[in-house]
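Visitor: Please take me through this model by way of its labels, and tell me each time what justifies the word.

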Amino acid sequence: MINAFRKFLLLVVFGVIALAGFYFLRNLDTSIDIGNVNIKAMSEGVDVEIENFKVTHENKGVKEWELTADLAQVDNKQDLTKLQNVEMVVHKGEGRQYIISADSGVYKSKTEDVSLDGNVKLLGSANGLKKRLANTSKKID
């Protein structure tokens with residue numbers, strides 16, 4: 001009697017595991033919606049596609065820059081994130097900041113390099129940029 005009950009419970013456990021595995025595999029290609037961020041699994045070199053992408057870099061609790069994009073396609077093999085409708089805000093202290101926007105771009109997470117392409121625009125104070133460029137050109141000469 002006890003052995004029959006154990007076999008029945010074992011059969012129920014395997015049935016529940018099989019049913020959970022079936023639902024997991026059936027819903028594998030669906031997207032996940034987390035608030036304003038939509039994440040879904042992709043194929044062909046793109047591991048994840050993220051809408052409303054945002055990365056913030058801080059150093060000792062101070063924001064140095066923020067990178068936002070309407071769409072980001074992450075490729076972990078190449079360590080690249082391809083971005084569309086990109087905006088980067090570079091904080092320079094004392095309330096000063098530069099806003100750089102572009103149609104598309106590429107972000108490398110290991111090196112934190114950002115490349116921007118198409119209608120690249122820079123908004124911000126020209127004085128700080130002029131000083132920076134003047135100092136850089138003197139070093140090169």
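Guide: Let us begin with Asn 85, whose place is in strand β5, where a strand is a DSSP run of E with at least two residues and a helix a run of H or I with at least four, both numbered from the N terminus. This is a predicted model, in which local features need pLDDT of at least 70 and side-chain atom pairs pLDDT 80 or more, while totals for chains, interfaces and linings use all residues. Numbering starts from 1 along each chain as its sequence is written, and side-chain values rest on heavy atoms, without hydrogens or water.

Visitor: What makes the phi of Asn 85 worth a remark?

Guide: Its phi is positive, about 55 degrees, although Asn 85 is not a glycine. Most residues other than glycine have a negative phi. Asn 52, in strand β3, is likewise not a glycine and has a positive phi of about 60 degrees.

Visitor: Why does Asn 85 count as partly exposed?

Guide: Its relative accessibility is 44%, and because buried means under 20% relative accessible area, exposed over 50% and partly exposed in between (1.4 Å probe, protein chains only), the middle label applies. Asn 52, with a relative accessible area of 42%, is partly exposed as well.

Visitor: How many helices and strands does the chain have, and in which pattern do they follow each other?

Guide: There are 2 helices and 8 strands, and read along the sequence they give α-β-β-β-β-β-β-β-β-α. Of the 141 residues in the chain, 18% are buried. Among contacts (heavy atoms within 4.5 Å) with a separation of 6 or more, 28% join residues 24 or more positions apart.

Visitor: How do you know that strands β3 and β4 pair?

Guide: Pairing requires that DSSP finds at least two bridges between the strands, and β3 (residues 48-59) and β4 (residues 62-75) share 11 bridges in the antiparallel sense, so the requirement is met. One of the partnerships joins His 57 to Trp 65 in β4. The hairpin of β3 and β4 has 2 residues between the strands, and there Lys 60 takes a positive phi near 55 degrees.

Visitor: Why is the contact of Lys 54 with Glu 66 called a salt bridge?

Guide: The closest N and O atoms of Lys 54 and Glu 66 are 3.6 Å apart, and because a salt bridge is a side-chain nitrogen of Lys or Arg within 4 Å of a carboxyl oxygen of Asp or Glu, the pair qualifies. This pair links distant parts of the chain, with Lys 54 in β3, Glu 66 in β4 and their positions 12 residues apart. Lys 54 is exposed at 52% relative accessible area, whereas Glu 66 is buried at 14%. Lys 63, partly exposed at 37%, also forms a salt bridge with Glu 66, again with the closest N and O atoms 3.6 Å apart. Shared partners therefore join Lys 54, Lys 63 and Glu 66 into one network. The count for the model comes to 2 salt bridges.

Visitor: What makes Asp 79 a buried residue without a salt bridge?

Guide: Asp 79 lies in the loop between β4 and β5 (80-91), and the nearest side chain of opposite charge, Lys 110, is 5.2 Å away, so the salt-bridge limit is not met. In this reckoning Lys and Arg are positive, Asp and Glu negative, and His and the chain ends are not counted. The C-alpha atoms of Asp 79 and Lys 110, which are 31 residues apart along the chain, are separated by 7.3 Å. Leaving out residues up to four places away in sequence, Asp 79 touches Tyr 107, Lys 108, Ser 109 and Lys 110.

Visitor: How many aromatic pairs does a search of the whole structure find?

Guide: The search finds 1 aromatic pair. Trp 65 and Tyr 107 lie 6.2 Å apart centre to centre, with 70 degrees between the planes. Trp 65 belongs to β4 and Tyr 107 to β6 (residues 97-108), 42 residues apart.

Visitor: Why is the pair of Trp 65 and Tyr 107 called edge-to-face?

Guide: Rings of Phe, Tyr and Trp (its six-membered ring) pair if their centres lie within 6.5 Å, and planes under 30 degrees apart count as stacked, over 60 as edge-to-face and the rest as tilted, so 6.2 Å and 70 degrees give an edge-to-face pair. Trp 65 and Tyr 107 are both buried.
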